[in-house]
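Me: I would like a close look at one part of this predicted model. Please take it step by step and keep the sentences short.

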Amino acid sequence: MKILVTGFNGQLGFDVVRIGNENGMTMIGTGIEELDITDQTNVDTYVKKIKPDAIIHCAAYTAVDKAEDEKEQSWKVNVEGTKYLVDAAKKNEAKFIYISTDYVFNGEGENPYIETDQPDPVSYYGITKYEGEKVVRDSLEKWFIIRISWVFGINGNNFIKTMLRLSETNSQLNVVGDQYGSPTYTYDLAKLLIDMVKTEKYGIYHVTNEGFCSWYDFANEIFRQANKEVKVNSITTDKFPTKAKRPANSKMSKQKLVDNGFKSLPDWKNAVKHYLNELSNEVK
Ligand SMILES: NC(=O)c1ccc[n+]([C@@H]2O[C@H](COP(=O)([O-])OP(=O)(O)OC[C@H]3O[C@@H](n4cnc5c(N)ncnc54)[C@H](OP(=O)(O)O)[C@@H]3O)[C@@H](O)[C@H]2O)c1
């Protein structure tokens, strides 16, 4: 199977290409240099030339706070870029996997979100990602929308790397304790995406590592496993103002994934363990 991947220079795209190659797929990983998704002609020509069986669309404008000031650019990448890829997938009859986010939800309420819950994004980034979802489901037949959250992977910046960096110069850190969700390790997710793309079990899925936590819990677990002596203070969201609003409840149910015969991702604490190993092997 030949798979075109966008966002190869980012966290998820990098691992999707790596895992796909390990599984005998023909992976074509593209960064903005080869395939600027906001350039319609470029997208059209490139996809026609490659003729992929599937496109796994991992590229996005992901700077959540900056998106509040750069609305035009985030729309261009997340909505228009997705539209150009979707059009090209349609012409070439390729399957399409669109990566979306927990930020399509408003985060009110206590229960984990299921796939049929109504999105109601509270940030501009969330709005653009939800618009991207609509483009995918309104235009294609062979599509998957995969909503993920709190992503970490070897190829890029993320919460774990930030915590480890801050631990070098701080013995105490304040971390938000009233936003709940689940971390998603790109290595685990990539394996699932490669399994999924072979199937015809199309639709929306919520996919993260198993278990729920707050950012405060997440930070504590990172320091515990990395043997860092850092005191973590739990603070409320209002004490850590950000330009973009975040959902307080980002919990997503993965029941649909299991009901459709897919394997759940490992528990998030196992994912942290594997990732810390991966990071230390990279340093050596
Ligand atoms: N990170 C999270 O916590 C999180 C949470 C939920 C959902 N998601 C979603 O998961 C997916 C993967 O996220 P990630 O963490 O892997 O993101 P990432 O590391 O920021 O990677 C995204 C990649 O997209 C590229 N890109 C931006 N504009 C482009 C363009 N016009 N043409 C081609 N490539 C372009 C970026 O290149 P430059 O670096 O050169 O701009 C970057 O390499 C995204 O769809 C994101 O919305 C992420």
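Which residues does the UniProt annotation "domain: RmlD-like substrate binding" cover? Within that stretch, please concentrate on the open sheet of six strands. What is the strand order, and what is the sense of pairing?

Reply: The annotation, from an unreviewed UniProt entry, covers residues 1-279. The model is predicted, so everything below is computed from predicted coordinates. Over residues 1-279 the chain is 39% helix and 18% strand. The end C-alpha atoms of that stretch are 30 Å apart.

Now the sheet. The order is β2-β1-β3-β4-β5-β10, and the pairing is parallel. The sheet is open. Its edge strands are β2 (26-30) and β10 (203-206), each of which pairs on one side only. On average, neighbouring strands are turned by 20° against each other, with direction ignored. As background, the strands of a sheet pair through backbone hydrogen bonds, in a parallel or an antiparallel way.

Take the pairs in turn, starting from β3. Strand β3 (residues 54-57) runs parallel to strand β4 (residues 95-101), and four bridges join them. Here I56 stands opposite I97 of β4. Helix α3 (residues 71-91) packs on the sheet. Its contacts are with β1 (2-6), β3 and β4. The direction of α3 makes about 165° with that of β4.

The loop between α3 and β4 holds E93. Phi of E93 is near 55°, a positive value in a residue other than glycine. In general, most residues other than glycine have a negative phi. E93 counts as exposed because its relative accessibility is 62%, above the 50% cut-off.

Next comes β5. Six bridges join β4 to β5, and the two strands run parallel. F96 stands opposite W143 in β5. The connection goes through helix α4 (residues 124-139): β4, α4 and β5 make a right-handed β-α-β unit.

How enclosed is β5? Six of the six residues of β5 (residues 143-148) are buried, so the strand is largely enclosed by the rest of the structure. Its side chains split two ways. W143, I145 and R147 point one way, while F144, I146 and I148 point the other. All of them are buried, R147 included.

Then the edge. β5 pairs with β10 in the parallel sense over four bridges. I145 stands opposite I204 in β10. That makes β5 a partner of both β4 and β10.

One helix bears on this picture through its contacts with residues of the sheet. Helix α6 (residues 186-197) includes T186. The helix has twelve residues and reaches 16 Å from its first C-alpha to its last, close to the 16 Å expected at 1.5 Å a residue. Ten of its twelve residues are buried, so α6 is largely enclosed by the rest of the structure. Among the buried ones are T186, Y187, D188 and L189. L192, L193, I194, M196 and V197 are also buried.

Two of these residues deserve a closer look. T186 is buried, with a relative accessible area of 1%. Leaving out residues up to four places away in sequence, T186 touches Q11, L12, D15, V151, F152, G153 and I154.

I194 also sits in α6. It is buried, with a relative accessible area of 1%. With the sequence neighbours up to four places away again set aside, I194 touches I3, V16, I19, G20, N23, M25, M27 and I56. I56 is the residue that stands opposite I97 in β4. So much for contacts. As for distance along the chain, I194 and S214 are 20 residues apart in sequence but 29 Å apart in space, C-alpha to C-alpha.

A short look further along the chain gives a contrast. F223 lies in helix α7. It is buried, with a relative accessible area of 2%. Its C-alpha atom is separated by 8.1 Å from that of M163, 60 residues apart along the chain. Not counting residues up to four places away, the contacts of F223 are M163, L164, S167, L173, K228, V230 and V232. The loop between α7 (215-225) and β12 (231-235) contains N227. N227 has a positive phi of about 55° although it is not a glycine. N227 is exposed, with a relative accessible area of 69%.

Technical notes: Residues are numbered from 1 along each chain as its sequence is written. This is a predicted model: local features need pLDDT of at least 70, side-chain atom pairs count only at pLDDT 80 or more; totals for chains, interfaces and linings use all residues. Side-chain values use heavy atoms; hydrogens and water are left out. Two strands pair if DSSP finds at least two bridges between them. Axes are lines fitted to C-alpha atoms, for helices over the stretch in contact, and angles run from 0 to 180 degrees between N-to-C directions. Contact means heavy atoms within 4.5 Å. UniProt positions are given in the numbering used here, feature names are shortened, and annotations may be inferred rather than shown by experiment. Buried means under 20% relative accessible area, exposed over 50%, partly exposed in between (1.4 Å probe, protein chains only). A crossover is right-handed if, with the strands pointing away from the viewer, the path from the first strand over the helix to the second runs clockwise. The expected span of a helix is 1.5 Å times one less than its number of residues.
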